[in-house]
Amino acid sequence: MNETTNLSGRGDTRARVLIYGIYGYTGTLVGREAVSRGLKIVVAGRDQERTDAAAHALGVPSRVVSLEDSAALDSALADVDIVAHCAGPYERTSAPMVDACLRTRTHYLDLTGEADVFEAVYARDADARAAGVALVPGVGFDVVPTDHLVAVAKAALPDAISADIAVISRGGFSRGTLTTALLGMASGNKIRESGRFVPTAHSHRVLTVDLPRAKRATVGTTPLGDLASAARTADLPNVTTFTALPGATMLRRFDRPLRRLLTTRGVAAVMEKLLSRVPGPSESARVRSRSAGWVRLTDAAGRSVERSIEVDNTYVFTAKSMVQAMVALTEAPVVGALTPSGAFGVNFIDTVPGILLLRGDVVEVP
């Protein structure tokens, strides 16, 4: 089975990438993008029929393996160099895959937007360095655009100590994204304060932010991966994250009863079952819509800088960014638990092919 790679020294001149979660909404898009760019991939999932069908459609080999079977997972990773983990919710799936990657010395990429997952992966930095691999969570729309903005804004305001970060995703959501949002709603909102996560009500702050092309968006606080990634990228002790939410004020008012409902035995399971029927955005919706990110960094004296960016549809960007991360890791391997900008450079976003980037005017407030 030793067909690979210059990364591991096991054969071929191309890295072999295992895409796990291939038959999910985003995994399917990642697989198509990887094949279109000529990457050497093998696809995997836990369901035999769906995994085989996805592999047949792409014309690539497949493996069926459960994350609960560590021995089988190690075997599936034995001859690959990079895992592109596309199966969420990552609060359930990340840890066993990270463990397997460390055991088999395989690089790890994922698409999480969950702050606790970022923190858990970053906590494995020493293990990653000992294994000689990279662990890079959040290489999709969460958190590549905002991670870039944070790094750029920090360079403009080196003494920044706090950040407000907003993501605006348009065009609809996949069932995986909605399930992750449901779990996040149940566990409650939080901010980063003095280096620690502090619980707070959903939409406890509401802002209107300026975006490229003179657009504006109203956003409310919600827990996003930037709570962890921004702190790591720019050494920021205080971070608040926002997203565009319908009825943000209403959500704040009903925060506690909603969380009590979602944590009632059986309710979340029923909701997840209902969400499993969501088809995800159509191709036309992906083509028509664009998403955006916004960042404001502030220092102790009250000086602040703002940056914003508009990209293609959330899922289009995510698929292309994940595949570009595979390419970047193949061309210049790194080690450690890293943010996208830490692994691939501050301007990694500019290397993602086929993406139209629009940057907003720089705003600096003395």
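**Exercise 1. The surroundings of helix H9**

Task: Find which elements the buried residues of H9 pack against, and work out why H9 counts as largely enclosed by the rest of the structure.

Solution: In this predicted model, the buried residues of H9 pack against two helices, H5 (115–122) and H7 (144–156), and against the strands E7 (160–168), E8 (189–193), E9 (196–200) and E12 (238–243). The next step is to list the buried residues themselves, which are Asp226, Leu227, Ala228, Ser229, Ala230, Ala231 and Ala234. Helix H9 spans residues 226–234, and because seven of its nine residues are buried, H9 is largely enclosed by the rest of the structure. As a last step, follow the chain just past the end of H9, where Asp235 takes a positive phi of about 55°.

**Exercise 2. The largest cavity**

Task: State how many cavities of 30 Å³ or more are counted, and describe which residues line the largest cavity.

Solution: The count comes to one cavity of 30 Å³ or more, and the space in the largest cavity amounts to about 30 Å³. Its lining is made up of Val144, Asp147, His148, Pro340, Ser341, Gly345, Val346, Phe348 and Ile349. Turning to the elements, those that give two or more residues to this lining are H7 and helix H15 (340–344), and the largest share, three residues, comes from H7. Sorted by character, the lining of the largest cavity holds five nonpolar residues, three polar ones and one charged one. Helix H7 therefore appears both here, in the cavity lining, and in the first exercise, among the elements packed against by the buried residues of H9, with H9 itself largely enclosed by the rest of the structure.

**Exercise 3. The second largest pocket**

Task: Describe the second largest pocket by its volume, and say which residues lie nearest its centre.

Solution: The volume of the second largest pocket is about 160 Å³. Fifteen residues, written as 15 in the count, line this pocket, and those nearest its centre are Asp210, Leu211, Ser308, Gly360 and Asp361. Two or more lining residues are given by each of the strands E10 (206–211), E11 (215–221) and E14 (304–312), with E14 supplying the largest share, three residues. When the lining of the second largest pocket is divided by character, eight residues are charged, five are nonpolar and two are polar.

**Exercise 4. The nonpolar cores**

Task: Identify which residues touch the most other members of the largest nonpolar core, then examine the contacts of Met326.

Solution: The largest nonpolar core has 93 residues, and Ile19, Leu77, Leu109, Met326 and Phe344 touch the most other members. Helix H14 (residues 314–331) provides the largest share of this core, namely 10 residues. For Met326, set aside the neighbours within four places in sequence; the contacts that remain are with Val17, Ile19, Val30, Leu39, Ile82, Ala84 and Leu109. Apart from the largest core lies another core of 10 residues, including Leu207, Val209, Phe242 and Ala292.

**Exercise 5. Two cysteines**

Task: Decide how many disulfides there are, and whether Cys86 is buried or exposed.

Solution: A disulfide needs two cysteine sulfur atoms within 2.5 Å, and by this rule the count comes to zero. For Cys86, the nearest cysteine sulfur belongs to Cys101 and is 12 Å away, and Cys86 is in no disulfide. Taking Cys101 in turn, the nearest cysteine sulfur is that of Cys86, again 12 Å away. Finally, Cys86 is buried, with a relative accessible area of 10%, and Cys101 is buried too, with a relative accessible area of 0%.

Notes:
Residues numbered from 1 in each chain as written. Predicted model: local features only at pLDDT ≥ 70, side-chain atom pairs only at ≥ 80, totals over all residues. Heavy atoms only, no water. 1 Å grid on protein atoms, 1.4 Å probe; cavity = no way out; pocket = protein on both sides within 12 Å on 5 of 7 lines; lining within 4 Å. Points joined across faces, edges and corners; volume = space filled by probe spheres on them. Helix = DSSP H or I, 4+ residues; strand = E, 2+ residues; numbered from the N terminus. Nonpolar A, V, L, I, M, F, W, Y, C, P; charged D, E, K, R; others polar. Core = buried A, V, L, I, M, F, W, Y, C linked by side-chain atoms within 4.5 Å. Buried < 20%, exposed > 50% of the residue type's maximum accessible area, 1.4 Å probe, protein only. Contact = heavy atoms within 4.5 Å.
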